[in-house]
Amino acid sequence: MVKQLRRLKHDRVIAGVCSGVGEYLGVDPVVIRLLVAAATLMGFGSGLLVYLIAWVIIPEE
C-alpha cells in the first residue's frame, strides 16, 4: 500500500495539515504542531505561510 499525504478530518485543529503530516511521517501530530508554531515565532511568520500553502496543496481525506 502506498502512503498518501492527506489532511485528516478526525484529528484536526484548524485544517488537518499537522495531523496529516504526523500520520504520514509516523510522528505525533502535537510534535508537528509545535514545530509549526516554533517556525512561525522564530521565522517571522514563515511557519504560518508554509501551513497556509500546505492547506491549499494537500488534499483532504
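**Exercise 1.** In this predicted model, decide whether F44 is buried or exposed.

*Solution.* Start with the relative accessible area of F44, which is 83%. The class "exposed" begins over 50%, so F44 is exposed. Next, place the residue: F44 sits in the loop between α2 (29-42) and α3. Finally, look at the backbone. F44 has a positive phi of about 55 degrees, although it is not a glycine. That deserves a second look, because most residues other than glycine have a negative phi.

**Exercise 2.** Find which side chains meet in a salt bridge, and where they lie in the chain.

*Solution.* The count comes to 1 salt bridge. Its partners are R12 and E60, at 2.4 Å from N to O. The pair links distant parts of the chain, 48 residues apart: R12 belongs to the segment before α1, and E60 to the segment after α3. Now check accessibility: R12 is partly exposed at 33%, and E60 is partly exposed at 35%.

**Exercise 3.** Work out which residues form the largest nonpolar core, and which elements give two or more of them.

*Solution.* The core has 7 residues: A15, V17, C18, I32, Y51, A54 and I58. The elements giving two or more residues are α1 (17-25) and α3. Then zoom in on I32: leaving aside neighbours within four places in sequence, I32 is in contact with C18, V21, G22, L25 and V27.

**Exercise 4.** Classify I57 as buried or exposed, and place it on the surface.

*Solution.* I57 is found in helix α3 (residues 46-57). Its relative accessibility is 62%, so I57 counts as exposed. I57 helps make a nonpolar surface patch of about 930 Å², together with V13, I14, L48, L49, L52, I53, W55 and V56.

Definitions and conventions. Residues are numbered from 1 along each chain as its sequence is written. This is a predicted model: local features need pLDDT of at least 70, side-chain atom pairs count only at pLDDT 80 or more; totals for chains, interfaces and linings use all residues. Side-chain values use heavy atoms; hydrogens and water are left out. Patches are made of residues with over 30% relative accessible area and no salt bridge: like charges are joined within 9 Å, nonpolar side chains (Val, Leu, Ile, Met, Phe, Trp, Tyr) within 5 Å. Accessible areas come from the Shrake-Rupley method with a 1.4 Å probe; for residues, only the protein chains shown count as cover. A salt bridge is a side-chain nitrogen of Lys or Arg within 4 Å of a carboxyl oxygen of Asp or Glu. Helices (H or I, at least four residues) and strands (E, at least two) are DSSP runs, numbered from the N terminus. Buried means under 20% relative accessible area, exposed over 50%, partly exposed in between (1.4 Å probe, protein chains only). A nonpolar core is a set of buried Ala, Val, Leu, Ile, Met, Phe, Trp, Tyr and Cys residues joined through side-chain atoms within 4.5 Å. Contact means heavy atoms within 4.5 Å.
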